[in-house]
Amino acid sequence: MGYIVTNLELDLFISQLSKKYHIFAPKRFENGGIFSDTDCIRYGEISTSDEIVFDEKSQYSFKETILPIIQTLFFFTEGTTKEADIPKKDILVFLRSCDMHAVKRLDDMYLNNGSTDYYYHKLREKVKFVLMGCKNSFENCFCVSMGTNCTENYDMSIDKDDSIYRIDCKYEEWKNLFDSMNVKQEQVTPSYVTENSLSVSIPENLDSIVCKSKMWDEYDSRCIACGRCNFVCPTCTCFTMQDMFYSDNGKVGERRRIWSSCMVDGFTDVAGGGSYRQKNGQRMRFKVLHKVHDYKQRNGYHMCVGCGRCDDICPEYISFSNCVNKLSDAMKEVSK
């Protein structure tokens, strides 16, 4: 049994939860867009239901709420280290089905990839998720093709329907809170899209031999190696480590983990002046095949969740989905 709540009732619920949680959701930042006089929808801490953007896709994913862009791991002096504190409150994140599937990909990489990442694990233990229902597909989404348009793996779901909210709650503590508010009860099922205007088709016979295709060459000139596609992606996990030394004492500082990108210059540089992937087409090849080929070989499902943010953000109008759809012809080309 679910709940039908008003704006006022949802605000009361959020107010109660904010005592225990930092609550993050897609939020409008006025004049925060990449172009002049444009807004940006990205994740930020909210305190009322009106701040949550339900009818637009966030340009940036939920990822930065549980995997900070810049994360201080520990502080150091000459002889001691001190682990950085993590937020005392737990974390509550509103996200869509594709992003909920992306959480599983992040967990695979940081928790189940041979060893457990201590710092990710500490934050991940504190997180709960609210699924935002999708009634309609957004531009460039292809979640149906990737099988990520629907999920039952959530603590609570929420759908906005004009002036009311339809909620399915699985977490007992939150159920008790709704019951104490005497809100209306009704059977609720989260909404989800069943078709996108965009679809992708990944060849069943996709093999690493596709690396030899000439299709990658076009990206040598088209891609400008800005890395935006990686930074908005909910499943990209690469980072670099930096030691920051304080100016007043060069023997004291902190170690930080900072997002990085397989598409930017310097990412594959190695000792001796070598670099594994200097051309942008080589980087595009690595990214695409990691998302739809080798990750699936290891885990049984694709890394890409079809959110389409990479297509939305690219300043050169490079379409990841279009690139994936070229793989069938590329396989025929190299198989001749």
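**Close-up 1. Helix 8 has a kink of about 60° centred on His-290.** This is a predicted model, so to speak of local features we need pLDDT of at least 70, side-chain atom pairs count only at pLDDT 80 or more, and totals for chains, interfaces and linings use all residues. Residues are numbered from 1 along each chain as its sequence is written, and side-chain values use heavy atoms, with hydrogens and water left out. The bend at a residue is the angle between axes fitted to the seven residues ending there and the seven starting there. Helices (H or I, at least four residues) and strands (E, at least two) are DSSP runs, numbered from the N terminus. Helix 8 covers residues 280-299, and its 20 residues should span 28 Å at 1.5 Å a residue; the end C-alpha atoms are 27 Å apart, which agrees. That expected span is 1.5 Å times one less than the number of residues. Right after the helix comes Gly-300, with a positive phi near 90°.

**Close-up 2. Buried residues of helix 8 pack against helices 2, 6, 7, 10 and 11.** Among the buried residues (under 20% relative accessible area; exposed is over 50%, partly exposed in between; 1.4 Å probe, protein chains only) are Met-284, Val-288, Leu-289, Val-292 and Tyr-295. Charged names turn up in that buried set too, including Arg-283, Lys-287 and Lys-291. The partners in contact (heavy atoms within 4.5 Å) are helix 2 (97-111), helix 6 (218-222), helix 7 (228-232), helix 10 (320-325) and helix 11 (327-335).

**Close-up 3. Phe-13 and Phe-178 form one of the 12 aromatic pairs found in the whole structure.** Rings of Phe, Tyr and Trp (its six-membered ring) pair if their centres lie within 6.5 Å; planes under 30 degrees apart count as stacked, over 60 as edge-to-face and the rest as tilted. Here the centres are 4.2 Å apart and the planes sit at 15°, so this pair is stacked. Phe-13 belongs to helix 1 (residues 7-17) and Phe-178 to helix 5 (residues 172-181), 165 residues apart. Both rings' residues, Phe-13 and Phe-178, are buried. Ring pairs also join them with Tyr-3, Tyr-21, Tyr-171 and Trp-174 in a cluster.

**Close-up 4. Phe-76 and Phe-245 meet edge-to-face.** Their ring centres are 5.5 Å apart, with planes at 75°. Phe-76 is in strand 4 (residues 70-76) and Phe-245 in strand 11 (residues 239-246), so the pair ties together parts 169 residues apart in sequence. Phe-76 counts as buried at 12% relative accessibility, whereas Phe-245, at 51%, counts as exposed.

**Close-up 5. Lys-63 and Arg-277 each sit over a ring.** The cut-off is NZ of Lys or CZ of Arg within 6 Å of the ring centre and within 35 degrees of the ring normal. The charged end of Lys-63 is 4.5 Å from the ring centre of Trp-259, and Arg-277 lies over the face of Phe-286, at 3.8 Å from the ring centre.
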